[in-house]
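Dear colleague,

I am passing on a structure that you have not worked with before, and I would be glad if you kept it open while you read. My notes on what was found follow below it.

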Amino acid sequence: MTDLGQAVPSGTDIDQAVAALAGVAEETPLMAAPHLASLSGAAEVYVKAESLQRTGSFKFRGAYWRCCNLTDVEKQAGVVAYSSGNFAQGLAAAAMVLGVPATIVMPVDAPEAKRHKTEAYGATVVLSEHGDRPREEVASALAREISEREGKVLLHPFDDRLVVTGHASAAAEIIEGLRRGGKEAPDFVFSCVGGGGLIAGLAAGFNRFSPSTRLVAVEPEGFDSFGQSLKADAVTRIRSDSSSICDALQATAPGEVPFACARATGMQHHVAVGDDTVRAAMRVAFETLKLVLEPSGAVALAALLQRPDYIQGNRVVVMATGGNIDFEQFCGTLGDVAV
């Protein structure tokens with residue numbers, strides 16, 4: 001188990017990551033959303049549009065900072081990782097910027113658009129056939145095999161302290177964006193959770209810049225391993241027979257590092273959302289914010305639409321975390337959903 005004392009990146013670590021990402025990662029918009037405040041009962045709602053980040057999701061932040069910390073020998077050897085899509089693209093782009101060869105193992109049933117975009121950033125994509133076995137388990141094993149055979153550095157998409165530290169830069173941007181508008185730090189921040197890398201980074205960042213801000217972990221129904229782990233106060237693996245339109249949020253257990261970071265910063269709030277609520281959130285984002293979100297990128301907004309009692313009258317930031325979806329899939333996912 002990861003030591004709680006070592007889980008949270010230090011202030012110096014976070015400051016270095018923020019400085020390195022400045023001018024490389026996009027400072028994504030922090031959008032005031034009075035319509036969402038009215039729908040949810042919050043006093044103010046802001047949406048952090050990470051769907052407009054490089055490669056279409058927040059993943060570039062952690063991937064870039066992780067690659068910045070490779071040694072010269074490691075950069076020459078290259079990196080290998082597994083991902084269903086968004087980390088694949090983020091890492092491929094980060095590696096391209098830094099001149100690092102990258103190989104990405106993707107499940108054979110990962111969205112085709114994400115695979116093509118990963119290749120467009122210069123990465124080599126290897127597809128894994130998982131059959132009836134957990135796709136994460138099969139893809140990670142293949143990535144490990146490639147690492148051992150070819151001498152490439154094996155990178156984890158979320159269970160890595162440096163990846164978590166890179167994501168903390170989003171918290172710094174939120175604080176600064178609100179400050180420029182004459183606002184204080186948020187009371188609550190809603191974030192999606194798959195393996196936990198983003199919400200751990202946000203927890204670390206707000207622990208540094210605004211310790212009173214509380215994080216809300218949001219997962220698809222049937223894939224709430226992070227919420228179950230918070231309840232049990234220990235990493236808990238789930239076996240889900242459910243299906244979800246949120247293809248990027250189907251981790252069966254949170255990472256040791258992200259969960260330890262969550263525990264160390266006192267995280268408590270968690271929400272699970274159903275597919276219909278996610279579809280409604282995608283439509284709201286499109287119609288009121290002009291943001292195109294993939295299902296996994298809309299879960300935090302979906303949780304806000306459920307009007308949890310504790311946000312009433314508070315300042316809330318919602319992470320819109322990804323927009324990697326093609327036109328046909330977007331329209332097909334929405335269907336005739338009503339808000």
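How far is the sulfur of Cys 192 from the closest cysteine sulfur? Please keep in mind throughout that this is a predicted model. The distance is 9.1 Å, and the cysteine in question is Cys 246, so the two sulfurs are too far apart for a bond. A disulfide is a covalent bond between the sulfur atoms of two cysteines, and the cut-off applied here for such a pair is 2.5 Å. Cys 331 is in a similar position, because its sulfur lies 18 Å from the closest cysteine sulfur, which again belongs to Cys 246, and that is too far for a bond. The search of the whole structure accordingly returns zero disulfides. As for their surroundings, Cys 192 is buried, with a relative accessibility of 5%, whereas Cys 331, at 38%, is partly exposed.

Turning to the strands, I would start with E2, which covers residues 44–49 and has six of its six residues buried. In a regular strand the side chains alternate between the two faces of the sheet. In E2 both faces are covered, with Glu 44, Tyr 46 and Lys 48 buried on one side and Val 45, Val 47 and Ala 49 buried on the other. Among the partners of E2 is strand E1, residues 30–32, which pairs with E2 in the antiparallel sense over three bridges, and here Leu 30 stands opposite Lys 48. Strand E10, residues 315–320, runs parallel to E2 and is joined to E2 by six bridges, with Ala 49 facing Ala 320 across the pairing.

The aromatic rings come next, and the count of aromatic pairs is four. One of them is formed by Phe 60 and Tyr 64, whose ring centres are 5.6 Å apart and whose planes meet at 25°, so the pair is stacked. These two residues are four apart in helix H4, residues 59–68, which means that about one helical turn separates them. Phe 60 is buried, with a relative accessibility of 0%, and Tyr 64 is buried too, with a relative accessible area of 8%. Phe 188 and Tyr 310 form another aromatic pair, this one tilted, with 5.3 Å from centre to centre and 40° between the planes. This pair links distant parts of the chain, since Phe 188 belongs to strand E7, residues 188–192, while Tyr 310 sits in the loop between helix H14 (299–305) and E10, 122 residues apart. Phe 188 is buried, with a relative accessible area of 1%, but Tyr 310 is partly exposed, at 27%.

Helix H4 deserves a second look for its packing. Its axis comes within 7 Å of the axis of helix H9, residues 161–180, and the two cross at roughly 130°. At that angle H4 is oblique to H9, and the crossing of the two helices is right-handed.

Lastly, you may wish to find Arg 144, which lies in helix H8, residues 135–150. Arg 144 is partly exposed, with a relative accessibility of 40%. Its C-alpha atom is separated by 9.3 Å from that of Leu 155, a residue eleven positions away along the chain.

With best wishes

Methods: Residues numbered from 1 in each chain as written. Predicted model: local features only at pLDDT ≥ 70, side-chain atom pairs only at ≥ 80, totals over all residues. Heavy atoms only, no water. Buried < 20%, exposed > 50% of the residue type's maximum accessible area, 1.4 Å probe, protein only. Pairing = 2+ DSSP bridges. Phe/Tyr/Trp six-rings, centres within 6.5 Å; stacked < 30°, edge-to-face > 60°. Axes fitted to C-alpha atoms, helices over the stretch in contact; angles between N-to-C directions. Parallel < 35°, antiparallel > 145°, perpendicular 65-115°, else oblique. Left-handed = near helix turned anticlockwise from the far one by under 90°.
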